[in-house]
Amino acid sequence: MTALRPSRVVIDLAALRHNVRLLRRRIGPSVKLYAVCKGDAYGCGAVAVARVCEEERADAIAVGDPEDAITIRAAGIRLPMLAYGVTDPQLAGEMAKLGVIVTIFDHDGLAAYGSAGSEVDAFLELDCGFGRLGFTPADIDAVAGELLRTPSIRLRGLYTHLAAVDDPVAVAGQMTLFADMAAALQAQGVNPPERMVASSRVIAAYPHLDLNAVNPGRALYGLLEGRYAQDLEVRPVISGIESRIIQVKDLAPGMRMGYGGADPRPGSPIRAAVVPIGFAGGFPRNFTDGYILVHGRRAPIIGMMSMEHTLVDVSDIAGARVGDEVVLLGRQGSAEVTPADLAAMTGLEALEILPRLARGLPRAYADVAPDPSTLASGS
Ligand SMILES: *Cc1c(COP(=O)(O)O)cnc(C)c1O
């Protein structure tokens, strides 16, 4: 079916495959790979991503929203699924029926899962200094006692999320707490097999913290920046944003254009093009120093973005016509807008802006391995 709206975000599943394989090579065959698919797989589509993770032999996936877990199972994906903690204890019975590995992060949850009426696989989340979810050292004795009395909770492992990955001293301190809590549990007879502390940047920068399970998210999607992107050469999965020109118009000098009434060429006529993509798709409204690519050249955005439209200045791009493809992310001719360019233009981290755009726009999936001969020619 032809899409009636010409705007789309391209999700490159071949890049995702590359990233899963790269992570697998990095961690080795015996470390479990929990592929993080929360937030609708960082905007890339939970089912499409989970399917690729299954094909590429991830050991499990991790979700935030339990609704995503239901959708993924309904699509026939059988991989084990870890659900991060997002529900309140009253829903323990329903969570236990989903067939996921639940996260238990406090005493209420422990009691609720213990009396949920069915057996449940679980991870304990430990708080080693994030201050978000998880048991603290003061909880450990009571937790161990309660777990030993509750055989219906099948404990699969312990995990924590390291909060200050840029700071090796903080990471070392948090790991000491993690090891101490794990040892205290073990001393009381609670010794589940899996230990997981490594999100993407931890895998990149602290290889000794792979332990025996890891849970990368942003690395899977090629959303690493700075030195982490150098340590782990992942490819961007949200690889393109494209639309088409739907109107071109010549405007007399002095006309103020768009919301905010911009006049980018005072005293001169302007040729403007209208593109049907706007802040409803996830762009910041005030994106006034931005540009998009038209005929492989930069066309500056005029004024503030509208909800569904953007005006661009094509005065210098002779031949810009209705129907021409425009590129807001990705390559066009010899020009390119990289994820870092888009992050700089919007003033948002790639981790924030790209998944938001992928959620806000129609998605088109590409999944073809690039032909090495075309790569060699540099086209
Ligand atoms: C989101 C999340 C991760 C993955 O983090 P990335 O930085 O995207 O790799 C790992 N663990 C927990 C608990 C998370 O919430």
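A salt bridge here is a side-chain nitrogen of Lys or Arg within 4 Å of a carboxyl oxygen of Asp or Glu. Keep that in mind for the views below, which come from a predicted model.

**View 1. Two domains make up the assignment for this protein.** Domain 1 covers residues 31-222, and domain 2 covers 239-366. Take the centre of each over its C-alpha atoms, and you get 40 Å between them.

**View 2. Here is where domain 1 and domain 2 are in contact.** On the domain 1 side, eight residues take part, and they meet six residues of domain 2. How much area do the two domains bury between them? About 560 Å², with 56% of it on carbon and sulfur atoms. Within domain 1, the residues that lose the most area to domain 2 are Y42, G43 and R218, which together account for 57% of what that side buries.

**View 3. Zoom in on D40 and R363, which form a salt bridge.** Their closest N and O atoms sit 3.3 Å apart, and the cut-off is 4 Å, so the pair qualifies. How many salt bridges are counted between domain 1 and domain 2? Just the one. Polar contacts between the two domains come to four residue pairs, both partners being at pLDDT 80 or more.

**View 4. Now look at helix α2, residues 38-42.** This helix gives the most to the side of domain 1 that touches domain 2, chipping in three residues. What kinds of residues make up that side of domain 1? You'll find three nonpolar, three polar and two charged ones.

Key. Residues are numbered from 1 along each chain as its sequence is written. This is a predicted model: local features need pLDDT of at least 70, side-chain atom pairs count only at pLDDT 80 or more; totals for chains, interfaces and linings use all residues. Side-chain values use heavy atoms; hydrogens and water are left out. Domain bounds come from an automatic or database domain assignment. Contact means heavy atoms within 4.5 Å. Buried area is the accessible area (1.4 Å probe) that two parts lose on being put together, summed over both. A polar contact is a pair of N or O atoms within 3.5 Å; within protein, one must be able to donate a hydrogen and the other to accept it, and residues adjacent in sequence count only if both atoms are side-chain atoms. Helices (H or I, at least four residues) and strands (E, at least two) are DSSP runs, numbered from the N terminus. Ala, Val, Leu, Ile, Met, Phe, Trp, Tyr, Cys and Pro count as nonpolar, Asp, Glu, Lys and Arg as charged, and the others, Gly among them, as polar.
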